[in-house]
Each structure stands twice: as C-alpha cells, then as structure tokens.
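Hi,

Here's the structure I promised to pass on to you. Have it open while you read, and my notes on what turned up in it will follow.

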Amino acid sequence: MAGMTASPFFLRPIAGADAAFVAALIRTSFASITPPLVPPPSALGETEASVAATIAAGGGVVAEADGGIIGALLWSERDGGLYLGRLSVDQNWRRAGVAQALVRHGEAEARLRGLPLAHVGVRLVLAGNRALFARLGYCETDLHTHEGFSAPTWVTMEKRLVDPGL
C-alpha cells in the first residue's frame, strides 16, 4: 500500500499454544536448507512437546503476518548469556527482515534479563547465516565438531550486549 511505513509483520512473545505450529515451522525451515546438512540438524526432531518445554524453560518470540506465524526464535539462559536457537522463517518471508527482527528482539530480551551477551550456534557451511549474524554484530568465538567428524562443523557466535566493566 502506498505510503505504508509499518512493517508487514509484527512480533509477539511465543505462547505454549504456539508449540505445535512452531515445531512444524522449525522442521520445515531446517529441512529446506540446501545442500542438506551433514550430519542432519537436530532441529528436524523438534516436536510440539520439545518446543513447549523450551518455551516453558526459556521462552521465545514469533513473527506474525496475515493472521499466521511466519517466523520464530527460541531462547534459553546458558553459558552466561541468552542462547538464541531454532531461528526459523517461512520460505515465503525470507529476506524480508524477519530473521533480523527476531534476533534483535532476542537481544532486547537478554538486556532485560541483565545478561551481558547473546550467542548462537551456526553450521560452518551456512555462509549466509554466518554473514547475517556478523552483520548484526556477532563474532565467531569457538569452533565445534559434531560427533563422528574429524574437522569442525559448527561455530559459536556471540555478541556482547553490555560493557563488562559496568
């Protein structure tokens, strides 16, 4: 619509009632990664129960448009910060700012909780995901290797949210 400045989607806190839909969105989003990840992502095993447990223990946020969920991000406090996980965006909404908005919301949540950093795990082969987080101010900190592999397969990326001297 001409003159429209509002975003075509909005964010809201995730609710337990969203668990089944969010689990399906996560599975669909991770299954659509090309080329397929080796080893397969554990996200493909997410269920309504596993997502509900993550929501209850940590929380998250969803993006909505046209009455439906188009993106989701789950989080939990760990390793001295807020771990942002299972970032998922409907294929039809990719490259529309949804992932960035979800991550920024996760960072705001970390700040509200007084946590000094937000961190994520990203597969090394996902150059686009690594670049997204780098653009958002995340630095690669530690390489990790999946069981059964001889070389690193994923990296921890983190963003300092507050001055540690404060």
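First, a bit of vocabulary: helices (H or I, at least four residues) and strands (E, at least two) are DSSP runs, and they are numbered from the N terminus. Also keep in mind that this is a predicted model.

**Two odd arginines and a cis bond**

With those names in hand, you can find Arg 95 in the loop between β4 and α3. Arg 95 isn't a glycine, yet its phi is positive, at about 70 degrees. That's worth a second look, because most residues other than glycine have a negative phi. So is Arg 95 buried or exposed? Its relative accessible area is 88%, so Arg 95 is exposed.

Arg 86 does something similar: its phi is positive too, about 55 degrees, although Arg 86 is not a glycine. Arg 86 sits in strand β4. With a relative accessible area of 25%, Arg 86 is partly exposed.

There's an unusual backbone feature to look up as well. Most peptide bonds are trans. The one from Val 38 to Pro 39, though, is cis, with omega near -5 degrees. You'll find Pro 39 in the loop between α1 and α2 (48-57).

**Rings that meet**

How many aromatic pairs are there? The count comes to 2. One of them joins Phe 9 and Trp 93: this pair is edge-to-face, with 6.4 Å centre to centre and 85 degrees between the planes. Phe 9 belongs to the segment before β1 (10-13), while Trp 93 belongs to the loop between β4 (81-89) and α3 (98-112), so this pair ties together parts that are 84 residues apart in sequence. Both Phe 9 and Trp 93 are buried. Phe 133 and Tyr 138 also form an edge-to-face aromatic pair, at 5.3 Å centre to centre with 75 degrees between the planes. Phe 133 has a relative accessible area of 6%, so it is buried. Tyr 138 is buried too, with 4%.

Why does Trp 93 count as buried? Its relative accessibility is 19%, and the cut-off for buried is under 20%, so Trp 93 makes it into that class. Leaving out residues up to four places away in sequence, Trp 93 touches Pro 8, Phe 9, Ala 65, Asp 66, Ile 70 and Val 98. Take Ile 70 from that list: along the chain it is 23 residues from Trp 93, but their C-alpha atoms are separated by 6.9 Å.

One more ring to look at: the charged end of Arg 78 sits over the ring of Tyr 83, 3.8 Å from its centre.

**The nonpolar core**

The largest nonpolar core has 44 residues. Which of them touch the most other members? They are Val 22, Val 51, Leu 84, Val 98 and Tyr 138. Leu 84 is a good place to start clicking: setting aside neighbours within four places in sequence, its contacts include Leu 73, Trp 75, Val 103, Ala 118, His 119 and Tyr 138. So Tyr 138 comes up again here, in contact with Leu 84.

**Helix α1**

Two residues let you see contrasting surroundings on helix α1. Ser 29 lies in α1 (residues 19-31), and with a relative accessible area of 7% it is buried. Not counting residues up to four places away, Ser 29 touches Ser 88, Val 89 and Arg 94. Phe 21 is in α1 as well, but at 46% relative accessibility it counts as partly exposed. The C-alpha atoms of Phe 21 and Val 103 are separated by 20 Å, and these two residues are 82 apart along the chain.

**The pocket**

Last stop: the largest pocket, which holds about 1300 Å³ of space. Of the 45 residues that line it, Phe 30, Leu 87, Leu 126, Asn 129 and Phe 133 are the closest to its centre. Phe 133 is thus both a pocket residue and half of the aromatic pair with Tyr 138. Which elements supply at least two residues each to the lining? They are α1, β3 (68-78), β4, α3, β5 (117-123) and α4 (127-135). β4 gives the largest share, 7 residues.

Have fun poking around in it!

Key: Residues are numbered from 1 along each chain as its sequence is written. This is a predicted model: local features need pLDDT of at least 70, side-chain atom pairs count only at pLDDT 80 or more; totals for chains, interfaces and linings use all residues. Side-chain values use heavy atoms; hydrogens and water are left out. Rings of Phe, Tyr and Trp (its six-membered ring) pair if their centres lie within 6.5 Å; planes under 30 degrees apart count as stacked, over 60 as edge-to-face and the rest as tilted. Buried means under 20% relative accessible area, exposed over 50%, partly exposed in between (1.4 Å probe, protein chains only). A charge sits over a ring if NZ of Lys or CZ of Arg is within 6 Å of the ring centre and within 35 degrees of the ring normal. Contact means heavy atoms within 4.5 Å. A nonpolar core is a set of buried Ala, Val, Leu, Ile, Met, Phe, Trp, Tyr and Cys residues joined through side-chain atoms within 4.5 Å. On a 1 Å grid over the protein atoms alone, a cavity is a set of points where a 1.4 Å probe fits but cannot get out, and a pocket is an open set with protein on both sides within 12 Å along at least five of seven lines; lining residues have an atom within 4 Å of a point. Grid points are joined across faces, edges and corners, and a volume is the space filled by probe spheres set on the points.
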